[in-house]
Amino acid sequence: MSFRPVLTIARKRDGYALSEGEIREFIAGFVDGSIPDYQMSALAMAIVWRGMTAEETAILLDAMMNSGDLLDWSHLTCATADKHSTGGVGDKVSIPLAPAVAACGVAVPMISGRGLGHTGGTLDKLQSIPGPGRDGRGGGFEVDLPLPVFQAQVAAIGLGLIGQTATIVPADKRLYALRDVTSTVESIPLIVASILSKKLAEGVGSLVLDVKVGPGAFMKTPEQAVLLAEAMVRAGQAAGRKVTAFLTAMDRPLGTHVGNALEIIESIEILRGAGPADTRSEVVRLGGEMLRLAGVVPDLQSGETRIARSLDDGSALARFRQVVQVQGGDPRVCDDPQAILPKAPVIVPVLAEKDGVIAQMDALAVGLAAVRLGAGRNRTDDAVDPAVGFVLHKKPGESVVCGEPWAHVHARTAASAAQAQNDLRASVVISQTDGQRLPLWLDVVY
Ligand code: URA
């Protein structure tokens, strides 16, 4: 009898585990167009409610991963690794981390995403770097490289930073767009299959995951985040890869800069061996673990030492300069980012309204304020403004005096600047005693 998608939807709706054949036929039919969006959406909603076993999740992941091209790096003489973050506010870690890891001898073929909702995306940040383009016709840093160009670049310099192509995991490209508009993103099996299918299709031997936790993250509580981290680590390991997931805080923004070009400025500070302690700590530890999983160091501490050295001795910055140059950006951004990157025409301070300590800074509120300012997007086809965002001079736990500027807003217009001043003011609590915060490092799953 021919496959009947409606029966599979009904079986999942009623709480049954789906067979391998059903899952594979469903994904194949969705990709070839014989299963319409409405049936895929119905199955996604049934999965949100009923969940999937670890076996079903592994089959879904495999079916999605095999829906398009699979990259292969076996011809390289070095190991390959990548890192993925579930997304947060001010999370620019991938930008300094990828060149640092490449400078330590592990190739990083990184396929990243764009910002959506209150979280920023690596591609939008990189595309804020202006420059001649790869063909000299302008356009700045390019993230849509043809796959053969990407593969040749990774072989030559050990690093490539691109976006998902039409031929890598087409099943996820279509399914994620549907989930976004049918309220079916929040499901651990669907998130695991979506994220890992893309990362595994990339063909890397090892993967470090940064699962953000808190009001500014997908996963609001450590308990939810551990479930997601364990599901991703087990599914990645079942697919034969080395995977570690760290749980890190996203109750406040990471680092000091929020916004596309502004986050490139902070990334370059980190690549110069400076920058805020929390961002550097994440680059060093996540990068150190990538080196450990790739087998180039015996333990995490040695990996951290190697990554820290690459930031302090300029070798990570040199690798970043190389990737900016070959992908069409202006490499002088590494010497004087403020002079090269786009600048917002209106820059205004946010003043403390009283003496005290910044007891809380709500990451979600800061992220939404950045989107409102134009730094992020609400829909996948929205344009982002590369220049706007925030510089946070004070972070939670630090003291302020009345009238002191604790942040600056970089805006396109005076009206949007005034709105953002209000939004930022409302995102913090200034009190006489410090507040409670999540530790930066909450947990790790191997
Ligand atoms: N990011 C993805 O790529 N997929 C999800 O399902 C959630 C976040």
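This passage describes a helix pair and the largest pocket in a predicted model.

Helix 12 spans residues 277-294, and helix 13 spans residues 300-312. The two helices pack at an angle of about 125 degrees. Their axes lie 7 Å apart. Angles from 65 to 115 degrees count as roughly perpendicular, and those over 145 as roughly antiparallel. The angle of about 125 degrees therefore makes helix 12 oblique to helix 13. The crossing of helix 12 and helix 13 is right-handed. On the side of helix 12, the contact is made by Arg280, Val283, Val284, Arg285, Gly287, Gly288, Glu289, Leu291 and Arg292. Helix 13 contributes Leu300, Gly303, Glu304, Arg306, Ile307, Ala308, Leu311 and Asp312. By class, the residues of this contact divide into seven nonpolar, three polar and seven charged.

The largest pocket was analysed next. Its volume is about 1,400 Å³. The pocket is lined by 47 residues. Of these, Gly113, Arg114, Leu116, Tyr176 and Lys198 are the closest to the pocket centre. Both strands and helices feed the lining. Strand 1 (81-85) and strand 2 (108-112) each supply at least two residues. The same holds for helix 6 (122-126), helix 8 (170-182) and helix 9 (188-201). Helix 8 gives the largest share of the lining, six residues. In the lining of the largest pocket, 21 residues are polar, 14 are charged and twelve are nonpolar.

Terms used. Residues numbered from 1 in each chain as written. Predicted model: local features only at pLDDT ≥ 70, side-chain atom pairs only at ≥ 80, totals over all residues. Heavy atoms only, no water. Axes fitted to C-alpha atoms, helices over the stretch in contact; angles between N-to-C directions. Helix = DSSP H or I, 4+ residues; strand = E, 2+ residues; numbered from the N terminus. Parallel < 35°, antiparallel > 145°, perpendicular 65-115°, else oblique. Left-handed = near helix turned anticlockwise from the far one by under 90°. Contact = heavy atoms within 4.5 Å. Nonpolar A, V, L, I, M, F, W, Y, C, P; charged D, E, K, R; others polar. 1 Å grid on protein atoms, 1.4 Å probe; cavity = no way out; pocket = protein on both sides within 12 Å on 5 of 7 lines; lining within 4 Å. Points joined across faces, edges and corners; volume = space filled by probe spheres on them.
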